[in-house]
Amino acid sequence: MFNYQTTLGQAEFENPIFTASGCAGSGKELSQFFELSQLGAVVTKSIMLKARSGRATPRMAETPSGMLNSIGLQGPGIDLFLENDVPWLRNQGATIVVSIAGESVEDYAVLARKIRAVPGISALEVNISCPNVENRGQVFACHPETARAAIQAVRRNIGGELPIIAKLTPDVTSIVEIAQEVVAAGADSLALINTVLGMVIDTNTMRPKLAGKTGGLSGPAIRPIAVRAIYQVHAAMPHVKILGMGGVASGQDAFELILAGASAVSIGTATFGNPMAAMKVKEELRNELVDHGFDSLREAVGYAHRSEGNL
Amino acid sequence: MMGINSSAKQVLAEIVSNKKVGAYHHMVFAVGDLANSAKPGNFVAISVGGESSQLVLRRAFAIYRTFDRGQSVGLLEIVVAPHGAGSTWLANQQPGAKIDLIAPLGTAFGIPTEPVRALLVGGGYGSAPLFGLSEVLKNRGCRVDMVLGASTAMKIYAPLDGKRSVSSLTITTEDGSTGKTGKVTDAMREIIEANEIDIIYSCGPMGMLEAINDIAEEFNLMHQCSIEESMACGIGVCMTCVLPIKGEDGVIRMLRSCIDGPVVAGENVIWKAKRTIPEGTWGA
C-alpha cells in the first residue's frame, strides 16, 4: 500500500498536493470543480489586517510559459476572513493552511494573535515575500533582519502547536541565509518559492504593461528557479520540511520538486489554466512515485541529493 | 460578492465547424447539455495552444449563441478575432479537434419582464452576444434596434440569420467602407431621439462602452454592458480582472469581471477611474 501522507512541522497531511496562496480564491470557486477535502490542504490567499483593494489594473500579463501578476493582496481583512471563509472551508472538510501578510512586524504579531484561538487550522503560512508592494524595502524576506523579526513576531504570538511555514522569495543573494534566519527565529517549515519580480513592456504603448509596473512572475517559466532554491535549502537544512511551489503543472513537475527536497507541493498558476490542475497533479505524482519504485512519498523527498554511489 | 456561475462545467468539446467571416472566425462546439444553461452575456474560457504550449492561460470569449438539441448535440458558438497567439491558434483548429472549455461563466444580460424598447450596441465582434440577446428580447415582445460599429467593414460581424430578430440594424464604420461613416454613438443618438428607447445593452471595447454610458446617462436610460479587463483564470480565483464598481450599498469595490460581470449595470461602473483605484474604494 503506497503511503502518500506527509508532514510540515508537526502538521500531518493526507497527501502532498496543496493549493498555492492566492491561487484558489476563497476556495468556493474551485469547489465547483472538485471536493476541496481531496487536497492535502487549501492554502488560503494571504490575508492582511484590514480590507485591501489591491493595485490598479491591468494586473496581469501573460509571458512565455508564465504570467506576471500585480494584484497587491486584495482581500477582505482578517476579521471577515475568519468569520466567513474559514468556517466555510471547515464545513467542506478541507484541511486549512491560513496564509497571512503584514505591512509591519506589529501586523504579523496582531494577525498571529487573531488566529491562535481559531479551531480547524492545520498550519500558518507567513508570507513575508509578496513582491507586489509599493516599496521593495517592505519585502521582509529580502533581508535577514526583517525576515527574522516578522517570524519572531508570529512565533511569540501564535502560541501552542500551530506550525509556522515561512514563505520566501528567490529574489535574494542567498536564499539559504534567509532560510536559516527564519528557522532560527521559529519557523517550523518553509514555503519555496514566491513569484519572481519581473516586468513586461507593451511595445505598442511603449510603457510597462502592468499598472504597478512590476509584477510577480509565476508558471513553468520559474520552475527551474524553484527547483534550485528547494535543492539549496534542503542541502543546507535537510531536517526542515519544505512546501515547494513554482510552475508545477504535472505529476512529473511535482516529482522534480520532491526530488529536490520538497515534502509537499502547491499548485498555483496551473489552476488558472485548468481548475482541475491540482487533482491532475495529485494522481500523476502518485503514479510517478509508484512507477519509480517508491513505497511512500517520504522516501522520495530529497532523493536527488543521494551520494554518487547510490542508484 | 457573487459566486461562480453555478452552471459552469469543464468539458472537452469537439469543433463542429469553423468558418471565416470577414476578419473573424465563427466557431461551433459540441458541448452537450451545458448548452441549455448558457444565457446571453455569459462567456466561455478556452484552453489554447495544446499540451506543450507556452500559453498557460485560458482565453475568454463571449458566447454568440447556443443550441440545445438534447444532451448529446448541444452546440455553443463563438466569434474569434485572431489577433494574438492564443486566438490565432484557436482560429486555426479544424472540425473534429477536441477543445478544453469551461462554460457558461459570468453574469448574463438582465431581461425585462415587460415588453420594452431595447437598443443593442456592439463594437467589432462585440456584436456576438447581442444576437442571442435580441432573440430572447424579441420572444418577450420587445422591440429591438441594433447598432454595430467597427473601424472598417471587415470587422463588422452581422450574420444574416442574426438580423432576423432585430427591427432595425444600423451599421457604422470609421472609414466609411460600409454603412454610415462615423461611430456607434452618432447613430445611437438618432435612434434614441426618434424612438422611445427604454434600455441600452452593449458589448465592445471599454472606451466605446464608456461613450455609450455617457449617452445612457444623458438620456436617463438603463444601460447594461459587458465589460472586460485582463483576465487570467475566468473562474474567479486569480483576482486580476477587477474593475471599480459601486454596489447597492453605495460602496465602490474592485469586483471581478469574470464573476460579478461581464454584464454589469453601466451606471455602477466608475468609468472615469478605470484602471485606477478610485478614492474611497473599499480597502483602499
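## Strand pairing, helix packing and chain contact

S11(A) and S14(A) run antiparallel and are joined by 4 bridges. Within this pairing, A:Val196 has A:Leu217 of S14(A) as its bridge partner. The model described here is predicted.

### The antiparallel sheet of chain A

S11(A) and S14(A) belong to an open sheet of 4 strands in chain A, ordered S5-S6-S14-S11 and paired in the antiparallel sense. Its edges are S5 and S11 (196–199), each of which pairs on one side only. On average, and with direction ignored, neighbouring strands of the sheet are turned by 35° against each other.

Strand S5 of chain A covers residues 60–63, and 4 bridges connect it in antiparallel fashion to S6(A). One of the residues involved is A:Thr63, whose bridge partner in S6(A) is A:Gly66. The two strands make a hairpin with 2 residues between them. In that turn, A:Ser65 has a positive phi of about 50°.

S6(A) also pairs with S14(A), which spans residues 214–218, in the antiparallel sense over 3 bridges. Here A:Met67 is matched with A:Ser218 of S14(A) as its bridge partner.

Are the faces of S6(A) covered or open? Both faces of this strand, residues 66–69 of chain A, are covered. A:Gly66 and A:Leu68 are buried on one side, and A:Met67 and A:Asn69 are buried on the other.

### The parallel sheet of chain A

Chain A also holds an open sheet of 8 strands with parallel pairing, in the order S3-S16-S15-S10-S9-S8-S7-S4. S3 (17–19) and S4 (42–43) are the edge strands, each pairing on one side only. Strand S9 (residues 164–168) and strand S10 (residues 189–192) of chain A run parallel and are joined by 4 bridges. In S10(A), A:Leu192 is the bridge partner of A:Leu168.

The strand pairs of chain A described above are listed here.

| Strand pair | Bridges | Sense |
|---|---|---|
| S5(A) and S6(A) | 4 bridges | antiparallel |
| S6(A) and S14(A) | 3 bridges | antiparallel |
| S11(A) and S14(A) | 4 bridges | antiparallel |
| S9(A) and S10(A) | 4 bridges | parallel |

A:Leu243 sits in strand S15 of chain A, residues 241–244. A:Leu243 counts as buried because it has 30 C-beta neighbours inside 10 Å, where 20 or more are required. Leaving out residues up to four places away in sequence, A:Leu243 touches A:Leu8, A:Phe18, A:Ile165, A:Ser189, A:Ala191, A:Ala262, A:Ala264 and A:Ser266. A:Pro220 is 23 residues from A:Leu243 along the chain, and their C-alpha atoms are separated by 17 Å.

### Two helices of chain B

In chain B, the axes of helix H4 (residues 184–194) and helix H5 (residues 206–218) come within 10 Å and cross at roughly 25°. H4(B) is therefore roughly parallel to H5(B), since angles under 35 degrees count as such. Their crossing is right-handed. H4(B) contributes B:Val184, B:Thr185, B:Met188 and B:Arg189 to the contact, and H5(B) contributes B:Met208, B:Ala211, B:Ile212 and B:Ile215. These residues divide into 6 nonpolar, 1 polar and 1 charged.

### Loops and backbone geometry

Two cis peptide bonds precede prolines in loops. The bond between A:Thr57 and A:Pro58 is cis, with omega about 0°; A:Pro58 lies in the loop between S4 and S5 of chain A. In chain B, the bond from B:Gly261 to B:Pro262 is cis with omega near 10°. B:Pro262 is placed in the loop between strand S14 (252–256) and strand S15 (263–265) of that chain.

Positive phi values also occur in loop residues other than glycine. A:Lys213 has a phi near 65° and lies in the loop between strand S13 (207–208) and S14 of chain A. A:Lys213 counts as partly exposed because it has 13 C-beta neighbours inside 10 Å. B:Asn220 has a phi near 60° and lies in the loop between H5 and strand S12 (222–226) of chain B. B:Asn220 has 6 C-beta neighbours inside 10 Å and so counts as exposed.

### Contact between the chains

How many residues does each chain give to the contact? Chain A supplies 36 residues and chain B supplies 29 residues. On the chain B side, the residues touching chain A divide into 16 nonpolar, 10 polar and 3 charged.

How values were computed. Residues are numbered from 1 along each chain as its sequence is written. Chains are lettered from A and ligands numbered from 1 in the order in which they are written. This is a predicted model: local features need pLDDT of at least 70, side-chain atom pairs count only at pLDDT 80 or more; totals for chains, interfaces and linings use all residues. Two residues are in contact if their C-beta atoms, placed from the backbone, lie within 7 Å. Ala, Val, Leu, Ile, Met, Phe, Trp, Tyr, Cys and Pro count as nonpolar, Asp, Glu, Lys and Arg as charged, and the others, Gly among them, as polar. A residue is buried if 20 or more other C-beta atoms lie within 10 Å of its own, exposed if 12 or fewer, and partly exposed in between; C-beta atoms are placed from the backbone. Two strands pair if DSSP finds at least two bridges between them. Axes are lines fitted to C-alpha atoms, for helices over the stretch in contact, and angles run from 0 to 180 degrees between N-to-C directions. Angles under 35 degrees count as roughly parallel, over 145 as roughly antiparallel, 65 to 115 as roughly perpendicular and the rest as oblique. A crossing is left-handed if the near helix is turned anticlockwise from the far one by less than a right angle, and right-handed if clockwise.
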